[in-house]
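Hi,

Here is the structure I said I would pass on. Have a look at it first, and my notes on what turned up are underneath.

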Amino acid sequence: MSTSEISALAIVTAAVVYLLAFMAHAAEWASARGLSIEADEANRAQRLRVDMWGRMGVGLTLVAFASHLVGVVTRGIAAGRAPWGNMYEFTASALLFVAIAYLPLATRWGMRWLGLPVTLLLAVGLGLAATVFYVAVADLVPALHSVWFVIHIVAACISGAAFNVGGAASILFLLRARAEGKGAVTTGYLAKLPTAKKLDVLAYRSLAFAFPVWTFTIAAGSIWAEYAWGRYWGWDPKETWALVTWVVYAAYLHARATAGWRGRAAAIIAIIGVISFWFNFIGINLLVSGLHSYAGV
């Protein structure tokens, strides 16, 4: 079996195991239905069952991550370069950064409750990469032969991971805030989540970290564009949508800083932002022709 075949098998395996992890976390949420936050003997067995599914979800995510890492690394070895030359490689690498961001949060900082949305993203995204975006190993096009290309992609993956954590926290915030609006949240898995206020703070901190990194991503891309095409900015569709994404998150941070926005309105902007990020990352390549078309499938 060749290195590229090992890579492809590892990516498919990771996608399947991420799906199993998502199913375990879904079972964790489902088994917590009706569970009271009060630690009494009556619901001890149910608590153990919820915890078992949660631990299983994290364990499967760790296994999937190991396979995912092998797939990305062996793809780079097979290609003899950084594995970022096309849409398949971009997607697999970006999702690896999401897993890298999530796992310490889940295992060290007790944020296992992020597991359901994160493993869903990883399973669907890597599944699409393996089945729709896959292309055989090929040489880089001349425009990609630049150290600024590597810097640009790494920064994009780091900021993207933080955008996704912030987006997941914002979705969970909306669910928790809706439940809190009906009264005290004392039963079910939503009762195990942090308060809506804490989820709002987590989303804000994630996005406040991601925004300057995304700004640097755009700046590094401009330097790379000058090297590759002789101009820093040309309103290429992908460049334009990267700016749109920047504006969305700038509006989010500005509204929080100046108007004191909290809660539902801020969460909706954060979710729009992560949708914009993924549309820029994948949708533009599939739907619009431009100088970045080399990154398509």
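Let me start with a pair in helix 5: the side chains of Arg176 and Glu180 form a salt bridge, with N and O 2.7 Å apart. These two sit four residues apart in helix 5, so about one helical turn separates them. That fits the usual geometry, since an α-helix has 3.6 residues a turn and residues three or four places apart point the same way. Arg176 is buried at 8% relative accessibility, while Glu180 comes out as partly exposed at 31%. Before you read on, bear in mind that this is a predicted model.

While we are on helix 5, its 35 residues run 51 Å from the first C-alpha to the last, close to the 51 Å expected at 1.5 Å a residue. Just after helix 5 comes Gly183, with a positive phi of about 130 degrees. His152 is also in this helix, which covers residues 147-181. Is His152 buried or exposed? Its relative accessibility is 16%, under the 20% cut-off, so His152 counts as buried. Setting aside neighbours within four places in sequence, His152 has contacts with Thr217, Ala220, Gly221 and Trp224. You can also check Ser222: it is 70 residues from His152 along the chain, yet their C-alpha atoms are 9.1 Å apart.

Back to charges. How many salt bridges does the structure hold? There are eight. One of them joins Asp51 and Arg112, whose closest N and O atoms are 3.2 Å apart. This one links distant parts of the chain, as Asp51 is in helix 2 (residues 44-79) and Arg112 is in the loop between helix 3 (87-107) and helix 4 (115-131), 61 residues apart. Asp51 is partly exposed, at 26% relative accessible area, and Arg112 is buried, at 18%. Both residues belong to a salt-bridge network that also takes in Glu28 and Arg55. Another salt bridge pairs Arg81 with Glu89 at 2.9 Å, N to O, and both of those residues are buried.

Helix 2 itself passes the length check: 36 residues at 1.5 Å a residue should span 52 Å, and the end C-alpha atoms are indeed 52 Å apart. Gly80 comes just after helix 2 and has a positive phi of about 70 degrees.

Now the rings. The structure has 13 aromatic pairs. Among them is Phe211 with Trp246, a tilted pair with centres 5.2 Å apart and 35 degrees between the planes. It connects distant parts of the chain, with Phe211 in helix 6 (residues 196-229) and Trp246 in helix 7 (residues 237-258), 35 residues apart. Phe211 is buried at 15% relative accessibility, whereas Trp246 is partly exposed at 27%. There is also one aromatic cluster made up of Phe163, Trp214, Tyr249, Phe277, Trp278 and Phe281. If you like cation-over-ring geometry, look at Arg108, which lies over the face of Trp109 at 5.3 Å from the ring centre.

Next, the packing. The largest nonpolar core has 77 residues, and those touching the most other members are Tyr18, Trp113, Leu114, Leu126, Tyr252 and Phe281. Which elements give two or more residues to this core? They are helix 1 (3-31), helix 2, helix 3, helix 4, helix 5, helix 6, helix 7 and helix 8 (264-287). Helix 3 gives the most, with 13 residues. For a view of the packing around one core member, try Leu126: leaving out residues up to four places away in sequence, Leu126 touches Ile11, Ala14, Ala15, Tyr18, His68, Ala92, Leu95 and Leu121.

One last spot is Val248, in helix 7. Val248 is buried, with a relative accessible area of 17%. Beyond residues up to four places away in sequence, Val248 touches Ile269, Ile272 and Gly273. Ala10 is another matter: Val248 and Ala10 are 238 residues apart in sequence, and their C-alpha atoms are 35 Å apart in space.

Happy to talk it over once you have had a look.

Cheers

Technical notes:
Residues are numbered from 1 along each chain as its sequence is written. This is a predicted model: local features need pLDDT of at least 70, side-chain atom pairs count only at pLDDT 80 or more; totals for chains, interfaces and linings use all residues. Side-chain values use heavy atoms; hydrogens and water are left out. Buried means under 20% relative accessible area, exposed over 50%, partly exposed in between (1.4 Å probe, protein chains only). Contact means heavy atoms within 4.5 Å. A salt bridge is a side-chain nitrogen of Lys or Arg within 4 Å of a carboxyl oxygen of Asp or Glu. Rings of Phe, Tyr and Trp (its six-membered ring) pair if their centres lie within 6.5 Å; planes under 30 degrees apart count as stacked, over 60 as edge-to-face and the rest as tilted. A charge sits over a ring if NZ of Lys or CZ of Arg is within 6 Å of the ring centre and within 35 degrees of the ring normal. The expected span of a helix is 1.5 Å times one less than its number of residues. A nonpolar core is a set of buried Ala, Val, Leu, Ile, Met, Phe, Trp, Tyr and Cys residues joined through side-chain atoms within 4.5 Å.
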